[in-house]
Amino acid sequence: MEDITETELFAGMMQELVEAKKWEDIYRISSSLHREVSILIDADDSIWIDWGNQSRVTLSPPYGSKIPFKLWVHTHPNMLAYWSITDQNSLQIASNILETAYVLGGDGLLSTSSNCSPEEAIRGLSWSDETVSSWTEVQEGTL
């Protein structure tokens with residue numbers, strides 16, 4: 001039997017949390033490690049996980065991922081859920097290849113969907129302007 005490294009075990013755990021849509025658990029892990037995490041789910045439902053530093057992780061589709069991307073999730077460890085300038089730039093670039101995005105923060109989950117009408121959009125973007133769903137609402141909902 002092969003030994004499983006700590007990194008492989010951790011990657012497997014994160015994969016399971018994504019599949020189970022345990023967004024608050026993912027946020028808590030990110031916050032406890034003081035590192036942002038980026039999760040990309042591609043057209044084939046493959047899950048790609050990338051770790052950044054305390055204040056930044058970029059949307060950078062890995063080699064082998066398939067567009068259109070279904071979901072991009074990233075965290076703001078120990079901060080609120082909001083679309084930073086970096087996030088807004090990423091959303092603008094990904095407008096035609098990404099369907100939905102979440103940012104996870106201490107106050108909950110903020111979502112957005114692409115290709116909305118201008119009156120529903122985040123200022124200057126073609127992404128829906130939503131309000132933060134608290135972690136209680138997320139647990140009770142279907143996100």
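**The E4–E5 hairpin and its sheet**

Tyrosine 102 sits across from serine 111 of strand E5 in this predicted model. One step along, alanine 101 faces threonine 112, also in E5. In a regular strand, side chains alternate between the two faces of the sheet. Both pairs of opposing residues belong with the antiparallel pairing of strand E4 (residues 98-105) and E5, which runs over six bridges. The two strands make a hairpin, with two residues between them.

Stepping back from the hairpin, five strands come together in an open sheet of mixed pairing, ordered E2-E1-E3-E4-E5. Its edges are strand E2 (47-51) and E5, each of which pairs on one side only. On average, and with direction ignored, neighbouring strands in the sheet are turned by 15 degrees against each other.

How many of the six residues of strand E5 are buried? Although E5 is an edge strand, five of its six residues (108-113) are buried, leaving the strand mostly covered. Helix H3 (residues 85-93) lies across E5, together with E4 and strand E3 (69-75), and runs at about 170 degrees to E3.

The protein as a whole contains four helices and five strands, arranged along the sequence as α-α-β-β-β-α-β-β-α. Of its 143 residues, 41% are buried. Among contacts with a separation of 6 or more, 51% link residues 24 or more positions apart. The exposed surface comes to about 8300 Å², with carbon and sulfur atoms supplying 50% of it.

Conventions: Residues numbered from 1 in each chain as written. Predicted model: local features only at pLDDT ≥ 70, side-chain atom pairs only at ≥ 80, totals over all residues. Heavy atoms only, no water. Buried < 20%, exposed > 50% of the residue type's maximum accessible area, 1.4 Å probe, protein only. Contact = heavy atoms within 4.5 Å. Areas by Shrake-Rupley, 256 points an atom, 1.4 Å probe, with all protein chains shown as cover. Pairing = 2+ DSSP bridges. Axes fitted to C-alpha atoms, helices over the stretch in contact; angles between N-to-C directions.
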